[in-house]
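Trainee: I have a model open and would like to test the words we use for it. Could we go through the terms one by one?
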Amino acid sequence: MAISGQHLPTLASLLEGMTVAPRLPVSDIAMDSRQVTEGTVFLAVQGQTRHGIEFAAQAIDAGAIALVTDLDLT
């Protein structure tokens with residue numbers, strides 16, 4: 001899912017009502033760390049065989065601005 005044009009959402013607007021987040025511009029949303037580019041929000045959730053959190057470091061290295069996960073990390 002590539003987001004383009006002048007109307008880029010911010011992380012805060014995407015997560016409004018769920019959590020407090022900074023107003024960083026979001027360029028894309030990906031569930032595959034190999035598709036992450038600068039400005040992407042990485043959805044680190046359970047896949048068919050592995051959990052996306054296993055690929056969090058790769059996503060960050062590729063330019064992810066945020067990780068959204070279904071795990072309780074507290």
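The conversation below takes each term and sets it against its cut-off or rule.

Mentor: Happy to. Keep in mind that this is a predicted model.

Trainee: Let's begin with the overall layout. How many helices and strands does the protein chain have, and in what order do they run?

Mentor: There are 2 helices and 3 strands in the protein chain. Starting at the N terminus, the elements follow the pattern α-β-β-α-β.

Trainee: What makes the protein chain as compact as a globular protein of that length?

Mentor: Compare two numbers. The radius of gyration is 12 Å, and the globule rule gives 11 Å for 74 residues; the two are close, so the protein chain counts as compact in that sense. For the extents, the C-alpha trace spans about 35 × 25 × 20 Å along its principal axes.

Trainee: And what share of the residues is buried?

Mentor: Buried residues account for 32% of the 74. As for the surface, the protein chain exposes about 5,100 Å², with 56% of it supplied by carbon and sulfur atoms.

Trainee: Now the sheet. How do you know that β2 and β3 are paired?

Mentor: Pairing requires at least two bridges, and 4 bridges join β2 (residues 40-44) to β3 (residues 66-69), so the two strands qualify as a pair. They run parallel. Two positions to look at are F42, which stands opposite L67 in β3, and V41, whose bridge partner in β3 is A66.

Trainee: What path does the chain take from β2 to β3, and what is its handedness?

Mentor: The chain passes through helix α2 (residues 56-61) on its way from β2 to β3, and this β-α-β crossover is right-handed. That name applies because, with the strands pointing away from the viewer, the path from the first strand over the helix to the second runs clockwise.

Trainee: Why are β1 and β3 called edge strands?

Mentor: The 3 strands form an open sheet in the order β1-β2-β3, with parallel pairing. Both β1 (28-30) and β3 pair on one side only, which is what the term edge strand describes here. From one strand to the next, the twist averages 25°.

Trainee: On to single residues. Why does A12 count as buried?

Mentor: A12 sits in helix α1 (residues 11-14). Its relative accessibility is 16%, and buried means under 20%, so A12 is buried. Setting aside residues up to four places away in sequence, A12 touches A21, P22 and R23. A12 and V26 are 14 residues apart in sequence, with their C-alpha atoms 9.6 Å apart in space.

Trainee: Why is Q46 called partly exposed?

Mentor: The value for Q46 is 46%. Buried needs under 20% and exposed needs over 50%, so 46% falls in between and Q46 is partly exposed. Q46 belongs to the loop between β2 and α2, and beyond its neighbours within four places in sequence Q46 is in contact with H51 and D70. The C-alpha atoms of Q46 and L14 are separated by 20 Å.

Trainee: Then what makes A57 exposed?

Mentor: A57, found in helix α2, has a relative accessible area of 52%, and the cut-off is over 50%, so A57 is exposed. A57 and S33 are 24 residues apart along the chain, and their C-alpha atoms are separated by 8.9 Å.

Trainee: One last item: what share of the contacts with a separation of 6 or more comes from residues 24 or more positions apart?

Mentor: Such residues account for 38% of those contacts in the protein chain.

Technical notes: Residues are numbered from 1 along each chain as its sequence is written. This is a predicted model: local features need pLDDT of at least 70, side-chain atom pairs count only at pLDDT 80 or more; totals for chains, interfaces and linings use all residues. Side-chain values use heavy atoms; hydrogens and water are left out. The radius of gyration is taken over C-alpha atoms; the globule rule is 2.2 Å times the number of residues to the power 0.38. Buried means under 20% relative accessible area, exposed over 50%, partly exposed in between (1.4 Å probe, protein chains only). Contact means heavy atoms within 4.5 Å. Accessible areas come from the Shrake-Rupley method with a 1.4 Å probe; for residues, only the protein chains shown count as cover. Axes are lines fitted to C-alpha atoms, for helices over the stretch in contact, and angles run from 0 to 180 degrees between N-to-C directions.
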